[in-house]
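Me: I am new to this structure, so please pick out a single part and take a close look at it with me. Start from one residue and work outwards, in plain words.

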Amino acid sequence: MKRRHLLGLGLLGVAGAWALRPNDLGRPYAPYFESLNTQLKADTDGLPVLLLDLDRLDQNAEVIRRLLGNRLQLRLVVKSLASPGLLEYLAKRLDTQRFMVFHQPHLNQLARSFPQADLLLGKPMPVQAALGFYQQLPRHSTFAPDRQLTWLIDSAARLQEYAELAEALQRPLRIALELDVGLHRGGFADARSLSQVLQRLQRDKPNLHLQGLMGYDAQVAHAPPWISTTEAFAQATARYRELLSTAQGFSEIWPEQPLLNGAGSLTYPLHSQLETPLNEVAVGSALLKPGDFDSDLLQAHQPALWLASPVLKVVDGALPFVQSAQGLLEAWTPNRQQACYLYGGHWPAQPVAPEGLAYDELYGRSRNQERLISSHATRLRVGDWVFLRPSVSEGVIGEFREIRLLRGGQLVGRWSTLPSV
Ligand SMILES: Cc1ncc(COP(=O)(O)O)c(C=O)c1O
């Protein structure tokens, strides 16, 4: 090929690559966040904070109420809504006193704050943690664990430990059996292993009172492409039904009004729309809709939780050691024109406001001062607040001392939080 042609092709290639340059993604705050930025600047202790939009929370609660109707009871998942104020608000609004608990200190706190609550463990507690609950329960507490608390049993060995605990405490313990309906996170997966513990319960009559079953089915929402969600749902509910019918066979110990718990935020819409063996669903995250819950089934839900952090520094976008390449990098993308540093960081969260902020993959993350890059179009200044959307609420809420509440876009109050595990 002639050199002239080669040169032509080369120039075409460069022009093509140039045409693929990223657009400027930066935007100033949208009005909702602009107003929050102004409010936080005027009313703050200068520390990163969680914000909860109560209007959006109400709308999410309404979606759940509508979908469940009076066909299915609701149990609030405490680890995903880890704030006594938030739980109390939702319990009233959704008319439930049922809570699913995953952490022994939360159990004791709930027994104090909600003495009328019905508590079900969402995971099997080490028997020492269960003992700790009774030791820390105030002597004159009006919460009555023998009627209001159900421990979770996932194996014959755990059943034995809890039988010994009941014996040592000289009090009855309520239990539910954890089923493996396809998640493969432990629990009873087949009729044989389930029958063994039921036989033991029926034969030896330890001071353990069977309440029912719990089978969580998050795998249904993550089924691989060759299995449809409805097929995955059908498989999980078929397993639940089979194990339920095994349990019903033990009529001496099977309760008249069994607890048949299952589902979570990702699958509760399926249980509310299709035939299900459950009589209650556990839901937490869908009320706040963090990023990991952006799914087709939760389209009617809206994000309600934000994390806000003050900007400590705004600098040019240069990287250490390669400052001289900054001109080239900026020529390639305007989204590296500047970098800002936040108070804190490394949260499981994505920046959402102002638009066009991104983590810098070339620089890395920081728990102390997170770096975000953007174009100048964000107009971000030191002292402004950056808003991030958490990907999960579990574990994040407890990292903050309090949640600040928004009504009509205005800061109107605060709720304290429960500590994370
Ligand atoms: C046993 C169990 N039920 C329900 C849930 C659902 O919680 P969420 O609604 O917050 O996803 C979970 C979450 O991990 C769980 O482990």
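Reply:
**The ligand and its surroundings**

Let's start with S285, which has a relative accessible area of 8% and therefore counts as buried, since the cut-off for that word is under 20%. Please keep in mind as we go that this is a predicted model.

You can find S285 in the loop that runs between strand 9 and strand 10. A useful contrast is T237: S285 and T237 are 48 residues apart in sequence, and their C-alpha atoms are 22 Å apart in space.

What makes S285 a good place to begin is its neighbour, the ligand. There are 17 residues around the ligand, and S285 is among those that come nearest, together with K79, S80, S265 and G284. If you sort the whole shell by class, you get 9 nonpolar, 6 polar and 2 charged residues.

Now zoom in on the atoms. K79 places a polar side-chain atom 2.6 Å from an oxygen atom of the ligand. R185 also brings in a polar side-chain atom, and here the distance to a ligand oxygen is 3.0 Å. With G284 the backbone takes part instead: one of its N or O atoms lies 2.8 Å from an oxygen atom of the ligand. As for cover, the ligand taken alone exposes 390 Å², and the protein buries 94% of that. The place where the ligand sits is the largest pocket.

From G284 we can step across to another stretch of the chain. G264 and G284 are 20 residues apart along the chain, with their C-alpha atoms separated by 7.4 Å. G264 belongs to the loop between strand 8 (259-262) and helix 11 (268-273). Is G264 buried or exposed? It is buried, because its relative accessible area is 5%, again under the 20% cut-off.

Back in the loop where we began, there is a residue of another kind to look at. Q299 lies between strand 9 (280-283) and strand 10 (305-316), in the loop that also holds S285. Q299 counts as exposed because its relative accessibility is 61%, and exposed here means over 50%. So this one loop holds S285, which is buried at 8%, and Q299, which is exposed at 61%. Another pair to trace on screen is Q299 and K289: they are 10 residues apart along the chain, and 9.9 Å separates their C-alpha atoms.

With the ligand's surroundings in mind, let's widen the view. The protein has 421 residues, of which 51% count as buried. Its fold includes 12 helices and 17 strands, and its C-alpha atoms fill a box of roughly 90 × 60 × 40 Å along the principal axes. For an example from a helix, take L131 in helix 6 (residues 127-136). L131 is partly exposed, since its relative accessibility is 30%. Its C-alpha atom is 9.5 Å from that of Y162, although the two are 31 residues apart along the chain.

Finally, a few details of the backbone are fun to look for. Most residues other than glycine have a negative phi, and most peptide bonds are trans. D95 goes the other way, with a positive phi of about 55° although it is not a glycine. Look for D95 in the loop between helix 4 (84-93) and strand 3 (98-101), where it is exposed, with a relative accessible area of 67%. H346 has a positive phi of about 55° too, and it is not a glycine either. H346 sits in the loop between strand 11 (338-342) and strand 12, and its relative accessible area of 41% makes it partly exposed. After strand 12 (349-353) comes the loop that leads to strand 13 (358-359), and P354 is found there. The peptide bond from A353 to P354 is cis, with omega near -5°.

Key. Residues numbered from 1 in each chain as written. Predicted model: local features only at pLDDT ≥ 70, side-chain atom pairs only at ≥ 80, totals over all residues. Heavy atoms only, no water. Near = heavy atom within 4 Å. Polar contact = N/O pair within 3.5 Å; in protein donor to acceptor, adjacent residues only side chain to side chain. Areas by Shrake-Rupley, 256 points an atom, 1.4 Å probe, with all protein chains shown as cover. 1 Å grid on protein atoms, 1.4 Å probe; cavity = no way out; pocket = protein on both sides within 12 Å on 5 of 7 lines; lining within 4 Å. Sits in = over half its atoms within 2 Å of the grid points. Nonpolar A, V, L, I, M, F, W, Y, C, P; charged D, E, K, R; others polar. Helix = DSSP H or I, 4+ residues; strand = E, 2+ residues; numbered from the N terminus. Buried < 20%, exposed > 50% of the residue type's maximum accessible area, 1.4 Å probe, protein only.
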